[in-house]
There are 2 protein chains.
Amino acid sequence: MDETDIEYGTPEGRAMIRLLWDPPPPPTRGPRQRLTLEQVVAGAIEVAEAHGVDELSMRKVAQHLGVGAMSLYTYVPGKDELFELMIDRAWAGRRLPDRDLRWRAQVEFHAHEAWRMYQEHPWLIRSNLWRMPLGPHVLDAQEDLYRAVALTGLPEATVSRVANLVESHVFGAARAAVTDTSVSARTGVTQDDYYESRSGFWGTYYTPERFPTMTRIWEKGGFDEEYSDDTWEFGLGLLLDGVERLAGQAGT
Amino acid sequence: MDETDIEYGTPEGRAMIRLLWDPPPPPTRGPRQRLTLEQVVAGAIEVAEAHGVDELSMRKVAQHLGVGAMSLYTYVPGKDELFELMIDRAWAGRRLPDRDLRWRAQVEFHAHEAWRMYQEHPWLIRSNLWRMPLGPHVLDAQEDLYRAVALTGLPEATVSRVANLVESHVFGAARAAVTDTSVSARTGVTQDDYYESRSGFWGTYYTPERFPTMTRIWEKGGFDEEYSDDTWEFGLGLLLDGVERLAGQAGT
DNA sequence: TCGGATACCATACACCGTACGGAGTGACGT
DNA sequence: ACGTCACTCCGTACGGTGTATGGTATCCGA
């Protein structure tokens, strides 16, 4: 679990690439493998899904699969590499939009798929910052998103920026939805009993004088439906409106 | 390092809130403390800055401060709580915009400050998802951002969404800059030697036929200056253009 | 048949967060 | 003045982590 990035030019990096793109057939010499790489990755995802990514450990994955902990290392060089395989496998679930749609609908489809992926695999959010692997499914989805954005006819550098913007926006929204940064949700205090609770944080440290705007938003219920679906679609709409204006009326 | 959120209604939660807002004066009965809470938090940040957040451990912080590991627990209930204090302290460095500026300039100032904060404290990025603490400096900065956005005159729910959008966008851009998700940067292969390198990933797995759009963007240099400053400002501009249009011409 | 490559895994090591309890300290009540 | 006792500091220990090492069982190819 080192923080240093795997350098894809190194021998270990090439081994990782090969594992992602071209998992080797089981060798013919020794005893037969009891598992497949697919099963190992799927088992790891099941553990992350069931117990949370913080509880993901090689021993737990091994136990879940009914093998010894060290046996996993015959399938995978280490935990980081296993995690990259998990990420790429999660991206494998992303469907691609119909190419007959207008560019905006295609980009929105991509955003929806990203949102769905994060909802389905919340462990991605705790982890995506580790490293986005150079896996085939990641790259396929990104390529198709680039393709959809490129339909706008915008210059290449802008296409790349817009695509990153869309991915990043959905990730941010998903992160917010999962970690629930909304103040009201975190404290479990609703607007109703706000004025009654004069002990603890509210009323002693949080004062409407110090936080007038937040107080007003709160009173108007602006925090209530913080992270529903249409919250992130609002932001996406804002972004794509801007893109549409940039593109003039060029796109298909 | 549990993943379950600290519930701010629990006794431990109240202790955390008090630690954040109202650090208790050193008690008068026992031997004098060798350190202050400030020093502990600052020392932890120094360790995170020097060795990376993954290397941050109670033992290392203690060693850096010249005390025993367990002594830290007289200042702080645990590592998670120490981390919340670190985050709030990082937010303390965020300056607030001049209130005489137009709303858009104020929001842009906030975004710049957020960007600066992430550049100065990259360890925030690896961690922000753990939990955004209910600390005074976090809340002060957020309140002021809400205030600036509210100058648009937009409805309260929209103000909250836009403010979150701005924070989330800068975070996403900072994350991208740090983890470097760009393909070219990750592989260290520049456009020049792309066509020469026919071994390894490029030329065996990455084929222009499978990734035509990425290839074209690459050839045009669209990935070159991927994460410079004006990259994220481009996205922010897109967002704020949309907000401006939403607001009509209302803001100050 | 048998050599050798390979899978599986028990053990061990270094490191983590932190519970526990003992020793020393120093302000307070008397 | 002095004993009490809250308090700090911290050595030790426990259960967890990722994984290096090496032993043993297994099975293919010659």
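Me: Helices (H or I, at least four residues) and strands (E, at least two) are DSSP runs, numbered from the N terminus. How many of each are in chain A?
Reply: Chain A has eleven helices and zero strands. Written from the N terminus on, its elements go α-α-α-α-α-α-α-α-α-α-α. Bear in mind that this is a predicted model, where local features need pLDDT of at least 70 and side-chain atom pairs pLDDT 80 or more, while totals for chains, interfaces and linings use all residues. Residues are numbered from 1 along each chain as its sequence is written, with chains lettered from A and ligands numbered from 1 in the order in which they are written.

Me: How much of chain A is buried?
Reply: 40% of its 252 residues count as buried, meaning 20 or more other C-beta atoms within 10 Å of a residue's own (12 or fewer is exposed, in between is partly exposed; C-beta atoms are placed from the backbone).

Me: Ok, and His121(A), buried or exposed?
Reply: His121(A) counts as buried because it has 21 C-beta neighbours inside 10 Å. You'll find His121(A) in the loop between helix H5 (103-120) and helix H6 (136-150) of chain A.

Me: How far is His121(A) from Leu65(A)?
Reply: Their C-alpha atoms are separated by 20 Å, and the two residues sit 56 residues apart along the chain.

Me: New topic. At what angle do H2 and H4 of chain A pack?
Reply: Helix H2 (residues 37-51) and helix H4 (residues 79-91) of chain A pack at about 85 degrees, and their axes are 9 Å apart. That's why H2(A) and H4(A) are called roughly perpendicular (65 to 115 degrees; under 35 is roughly parallel, over 145 roughly antiparallel, the rest oblique).

Me: Which residues meet there?
Reply: From H2(A) it's Val41(A), Ala44(A) and Ile45(A), and from H4(A) it's Leu82(A), Leu85(A), Met86(A) and Arg89(A). Contact means backbone-placed C-beta atoms within 7 Å.

Me: What about chain B, which residues of H1 are buried?
Reply: Helix H1 (residues 11-21) of chain B buries Met16(B), Ile17(B), Leu19(B) and Leu20(B). Looking down the axis of H1(B), these fall within an arc of 160 degrees, so they line one face of the helix.

Me: And what do they pack against?
Reply: Helix H9 (201-204) of chain A, plus helix H4 (79-91) and helix H6 (136-150) of chain B.

Me: Last one: which residues come nearest to DNA strand C?
Reply: Gly30(A), Arg34(A), Gly68(A), Met70(A) and Ser57(B), out of 26 residues around the strand. Near means a backbone-placed C-beta atom within 6 Å. Helix H3 (residues 58-65) of chain B gives the most to that surface, with three residues.

Conventions. Axes fitted to C-alpha atoms, helices over the stretch in contact; angles between N-to-C directions. Contact = placed C-beta atoms within 7 Å. Arc of directions from axis to C-beta.
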